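Please open the model in a viewer and keep the sequence panel visible. The tour below proceeds by selection, with a description of what is found at each stop.

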Amino acid sequence: FYLFAFLAIFVGIYVHSFNFKFEGLTGLLLGQESEIGYSVVSISEKMVTDSGLDSDLSMRWMQASFVTVCIAMPLATIIAMAGLWVGPALSISLQKSLFLFAEVTNAWCALDVFCISLIAAILEIKQFAAFMVGDACDGLNVLLAEYLDPELQGDDKCFDVETTLTPSVSLLFLSMVIIFFLNNGSLWLAEKS
């Protein structure tokens with residue numbers, strides 16, 4: 001299971017996991033660029049480049065923190081847990097150090113938080129976008145409904161956004177489940193022995 005989880009995370013962080021699709025007038029104006037796919041790695045890159053703060057230390061710190069908790073720690077915790085299963089062949093001192101390392105990496109692993117955030121984005125982004133725009137587009141929406149309804153395919157809003165998961169996000173979700181249950185179960189067993 002650990003090898004599968006390691007490979008699933010390693011592949012899952014590079015493949016597009018979810019898409020943002022801008023709809024309404026904004027989507028019409030963006031054309032082909034109205035749908036953007038993201039992966040864990042692309043999020044880490046875009047958080048710095050799209051902010052326009054490439055040389056800002058605080059943005060680099062945020063990027064490093066994201067990569068650490070969403071990529072490095074899940075991979076490190078899998079390696080540590082696999083090492084614990086080889087434990088009887090190791091010295092007691094090395095077993096204790098590996099157990100401590102496994103507990104620390106498991107505690108800092110935030111792949112589950114990332115996956116839950118994706119689900120929250122799916123459920124809430126449309127409402128959040130409507131809240132951010134507020135009633136600023138109400139007058140424009142009336143004009144869009146009257147003059148651009150066919151081009152907008154009935155989505156007569158100046159701005160709307162839809163989030164969708166891609167099938168490849170299943171790699172991240174499956175890895176998250178394996179890490180959560182296998183690591184916590186293995187840590188519990190290691191603590192008891």
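Helices in this tour are DSSP runs of H or I with at least four residues, numbered from the N terminus. The model is a predicted one.

**First stop: Ser 44 and its helix**

Select Ser 44, which belongs to helix α3. Is this residue buried or exposed? Residues under 20% relative accessible area are classed as buried, and Ser 44 is therefore buried, at 6% relative accessibility. Display the side chains around it: apart from neighbours within four places in sequence, Ser 44 is in contact with Gln 63, Phe 66 and Val 67.

Now extend the selection to the whole of α3, residues 40-49. How many of its 10 residues are buried? Seven of them are, and the helix is thus mostly covered. Colour the buried set, which consists of Val 40, Val 41, Ser 42, Ile 43, Ser 44, Met 47 and Val 48. To see what lies over these residues, show β1 (18-23), β2 (35-38), α4 (57-85), α6 (111-133) and α9 (169-192), which are included in the cover.

**Second stop: Thr 68**

Proceed to Thr 68, a residue of helix α4. Its relative accessibility is 32%. The limits for the partly exposed class are 20% and 50%, and Thr 68 therefore counts as partly exposed. With neighbours within four places in sequence left aside, the contacts of Thr 68 are Met 73 and Pro 74. For a sense of distance, draw a line from the C-alpha of Thr 68 to that of Val 161: the two are 29 Å apart in space and 93 residues apart in sequence.

**Third stop: the salt bridges around Lys 126**

Select Lys 126 and show its side chain. Side chains of opposite charge can pair when their charged atoms come close. How many salt bridges does the model contain? The count is three.

Begin with Glu 23, whose side chain meets that of Lys 126 in a salt bridge at 3.8 Å, N to O. This pair links distant parts of the chain, since Glu 23 is in strand β1 and Lys 126 in helix α6, 103 residues apart.

Add Asp 160 to the selection. Its salt bridge with Lys 126 has the closest N and O atoms 3.0 Å apart. Here too distant parts of the chain are linked: Lys 126 lies in helix α6 and Asp 160 in strand β3 (residues 160-165), with their positions 34 residues apart in sequence.

Add Glu 162 as well; its side chain and that of Lys 126 form a salt bridge at 3.2 Å, N to O. Glu 162 is in strand β3 and Lys 126 in helix α6, and the pair, 36 residues apart, again links distant parts of the chain.

With these four residues displayed, the network of salt bridges that links Glu 23, Lys 126, Asp 160 and Glu 162 can be viewed together. Switch to a surface representation to compare their cover. Asp 160 is buried, with a relative accessible area of 4%. Lys 126 is partly exposed at 34%, and Glu 162 is partly exposed at 29%.

**Fourth stop: Cys 158**

Select Cys 158, in the loop between α8 (149-152) and β3. Cys 158 is buried, with a relative accessible area of 9%. Residues up to four places away in sequence not being counted, Cys 158 touches Glu 23, Leu 25, Thr 26, Val 133, Cys 137, Leu 140, Asn 141 and Leu 144. Glu 23, one of these contacts, was met at the previous stop as a salt-bridge partner of Lys 126. Between the C-alpha atoms of Cys 158 and Val 142, 16 residues apart along the chain, the separation is 9.8 Å.

**Fifth stop: a nonpolar surface patch**

Keep the surface on and select Leu 123 in helix α6. Leu 123 is exposed, with a relative accessible area of 62%. Which residues form the nonpolar patch here? They are Ile 119, Ile 122, Leu 123 and Leu 165, with about 330 Å² of accessible area together. Helix α6 supplies the largest share of the patch, three residues.

**Last stop: the largest pocket**

Finally, turn to the largest pocket, which holds about 350 Å³ of space. Of its 13 lining residues, select Leu 84, Gln 95, Leu 189, Ala 190 and Ser 193, the closest to the centre. The elements that contribute two or more residues to the lining are α4, α5 (92-108) and α9.

Key:
Residues numbered from 1 in each chain as written. Predicted model: local features only at pLDDT ≥ 70, side-chain atom pairs only at ≥ 80, totals over all residues. Heavy atoms only, no water. Buried < 20%, exposed > 50% of the residue type's maximum accessible area, 1.4 Å probe, protein only. Contact = heavy atoms within 4.5 Å. Patch = residues over 30% accessible without salt bridge, like charges linked within 9 Å, V, L, I, M, F, W, Y side chains within 5 Å. Areas by Shrake-Rupley, 256 points an atom, 1.4 Å probe, with all protein chains shown as cover. 1 Å grid on protein atoms, 1.4 Å probe; cavity = no way out; pocket = protein on both sides within 12 Å on 5 of 7 lines; lining within 4 Å. Points joined across faces, edges and corners; volume = space filled by probe spheres on them.
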